[in-house]
Amino acid sequence: MSWEKNVRKVVPYVAGEQPQNKNVIKLNTNECPYPPAPEVECVLHGFDYNILRKYPDPDVSELVAVLAKRHGLSKDQVFVGVGSDDVLAMAFLTFFHSDKPILFPDITYSFYDVWADLYRISYEYQSLDENFRISKSDYYKENGGIVIANPNAPTGVCEEPSFFEDIIKANPDSVVIVDEAYVDFGGKSCVSLINKYENLLVVQTFSKSRALAGLRIGYAMGSKKLIKYLNDVKFSFNSYTMNTVTIKAGIASVQNEEYFNRVTAKIMETRENTKKRLSKLDFVFLDSKTNFIFATHKRVPAQEIFDVLRQNEIYVRHWNKPRIENYLRISIGTDDEMKTVLDFLEQYLKDK
Ligand SMILES: *Cc1c(COP(=O)(O)O)cnc(C)c1O
């Protein structure tokens with residue numbers, strides 16, 4: 001038993017279910033309902049497996065270059081990792097190294113407190129207001145760092161870059177991380193502030209808007225200094241985080257901007273149509289700028305709707321957490337999938 005007291009004990013993050021049954025309508029982890037860019041398939045099909053003898057490029061320089069170009073940054077302002085979870089975990093380890101608590105909303109991506117606990121970083125939740133909005137002034141106090149998802153998850157609420165500019169300006173002694181996992185669905189990115197503020201790190205992912213959750217690509221953008229510090233930590237940890245297949249496929253995805261725009265526009269259109277029907281069914285929700293809707297029903301408890309959907313092979317997400325236990329997070333699927341779900345809800349709710 002004595003060795004056990006020296007174990008680093010953690011309470012792990014619980015990801016959304018990945019049911020193996022192919023028949024389910026899966027609206028529980030915000031994946032893209034459409035395939036990745038066709039160029040990705042070409043890369044995978046024509047892949048010269050002999051390349052796999054060699055280690056991958058540790059600097060991931062080709063993928064960094066296409067991302068830098070797309071965002072109007074230089075190559076030394078971009079860092080790539082194995083999903084934004086990997087990038088964020090690395091950023092917590094690198095930038096949140098102070099005795100003061102880091103700050104993030106009480107309702108947000110539930111991995112933030114898990115990483116903080118893992119690395120023994122102290123933290124303080126800042127309560128969202130009664131409309132699930134962030135109060136800027138909560139972030140105008142001493143802290144060891146700030147991390148905010150924008151749009152926020154699971155609420156879907158989005159703030160303007162000027163809102164973050166105020167927070168960044170008020171915190172010259174901290175790194176401010178803006179997690180933009182959902183920004184491609186109608187939000188405005190804080191990338192525009194990067195050349196103005198050395199302490200801003202913006203994180204994005206290929207998992208939602210690029211339909212590549214299975215490939216695992218995320219990236220951070222920031223000042224040269226921040227990116228250098230991130231790379232120093234990465235190269236002290238594992239030089240080859242990204243594999244060769246993923247790097248090539250990721251580059252192919254970024255190169256088809258037209259397809260990317262088409263898919264994200266389609267998802268936004270489906271989202272707006274879904275909102276209209278949900279309203280008619282007496283759901284109430286926030287103005288989502290993401291590929292999901294965070295909704296509560298006027299009469300029927302979220303747990304009940306969650307259970308009945310699940311029994312009918314429709315998976316959405318529900319948390320038994322204070323303030324949000326009566327909400328469901330419904331990812332946006334194809335028009336057909338949404339029609340099936342909404343028709344089902346219409347039937348189920350009609351006598352309630
Ligand atoms: C999905 C998500 C991530 C992680 O995405 P990866 O698949 O690891 O790139 C990070 N932050 C938020 C808010 C997310 O919703």
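How many aromatic pairs does the structure hold? The structure holds 22 of them. Before going further: this is a predicted model, and every value I give is computed from it.

Let me stay with the aromatics. One of the pairs is Phe92 with Phe96. Their rings sit 4.9 Å apart, centre to centre, with 65 degrees between the planes, and that geometry is edge-to-face. Both Phe92 and Phe96 are buried. These two rings also belong to an aromatic cluster. Its members are Tyr13, Phe92, Phe96, Phe104, Tyr109, Phe111, Tyr112, Trp115, Tyr123 and Tyr125.

Another ring to look at is Phe260. Two arginines sit over it. Arg70 lies over the face of the Phe260 ring, 4.8 Å from the ring centre. Arg210 also places its charged end over Phe260, at 4.3 Å from the centre.

Next, the salt bridges. The structure holds 27. I will go through three.

The first on my list is Asp76 with Lys224, where the closest N and O atoms are 3.9 Å apart. What does this pair tie together? Asp76 is in the loop between α2 (61-71) and β2 (78-81), while Lys224 is in helix α6 (residues 224-234), so the bridge links parts that are 148 residues apart in sequence. The cut-off for a salt bridge here is 4 Å, and this pair comes in at 3.9 Å. As for exposure, Asp76 is partly exposed at 38% relative accessibility, and Lys224 is partly exposed as well, at 48%.

The next one is local. Lys266 and Glu269 form a salt bridge with the closest N and O atoms at 2.9 Å. Both residues are in helix α8 (residues 257-280), three residues apart, which means they are separated by about one helical turn. The general point is that an α-helix has 3.6 residues a turn, so residues three or four places apart point the same way. Lys266 is partly exposed at 24% relative accessibility, and Glu269 is partly exposed at 43%.

The last of the three is Arg271 with Glu272, at 2.8 Å from N to O. Are these two buried or exposed? Arg271 is buried, with 3% relative accessibility, whereas Glu272 is partly exposed at 31%. The pair is part of a network. Salt bridges with shared partners join Arg271, Glu272, Lys275, Asp287 and Lys289.

Now the nonpolar interior. The largest nonpolar core has 82 residues. Which of them touch the most other members? Those are Leu63, Val78, Val80, Leu200 and Leu345. Taking Leu345 on its own, and not counting residues up to four places away in sequence, Leu345 touches Leu278, Leu281, Phe283, Ile305 and Leu309. Apart from the largest core there is another, of 29 residues, which includes Ala91, Ala116, Ala149 and Leu226.

Helix α5 (residues 161-169) has a list of buried residues: Pro161, Phe163, Phe164, Glu165, Ile167 and Ile168. If you have the model open, look at what these residues pack against: β5 (145-149), β6 (176-179) and β7 (200-205).

One glycine, in helix α3. Gly83 lies in α3 (residues 83-95). Gly83 is buried, with a relative accessible area of 0%. Which residues is Gly83 in contact with, leaving aside neighbours within four places in sequence? Gly83 contacts Arg216, Ile217 and Gly218. Met221 is 138 residues from Gly83 along the chain, and the C-alpha atoms of the two are separated by 14 Å.

Finally, the cysteines. How many disulfides does the count come to? The count comes to zero. Cys32 is in no disulfide; the nearest cysteine sulfur to it belongs to Cys42 and is 18 Å away. Cys32 counts as buried, at 14% relative accessibility. Cys190 is in no disulfide either. For Cys190 the nearest cysteine sulfur is that of Cys158, at 8.6 Å. A disulfide would need the two sulfur atoms within 2.5 Å. Cys190 is buried, with a relative accessible area of 0%.

To recap, the predicted model has 22 aromatic pairs, 27 salt bridges and zero disulfides.

Technical notes: Residues are numbered from 1 along each chain as its sequence is written. This is a predicted model: local features need pLDDT of at least 70, side-chain atom pairs count only at pLDDT 80 or more; totals for chains, interfaces and linings use all residues. Side-chain values use heavy atoms; hydrogens and water are left out. A salt bridge is a side-chain nitrogen of Lys or Arg within 4 Å of a carboxyl oxygen of Asp or Glu. Helices (H or I, at least four residues) and strands (E, at least two) are DSSP runs, numbered from the N terminus. Buried means under 20% relative accessible area, exposed over 50%, partly exposed in between (1.4 Å probe, protein chains only). Rings of Phe, Tyr and Trp (its six-membered ring) pair if their centres lie within 6.5 Å; planes under 30 degrees apart count as stacked, over 60 as edge-to-face and the rest as tilted. A charge sits over a ring if NZ of Lys or CZ of Arg is within 6 Å of the ring centre and within 35 degrees of the ring normal. Contact means heavy atoms within 4.5 Å. A nonpolar core is a set of buried Ala, Val, Leu, Ile, Met, Phe, Trp, Tyr and Cys residues joined through side-chain atoms within 4.5 Å.
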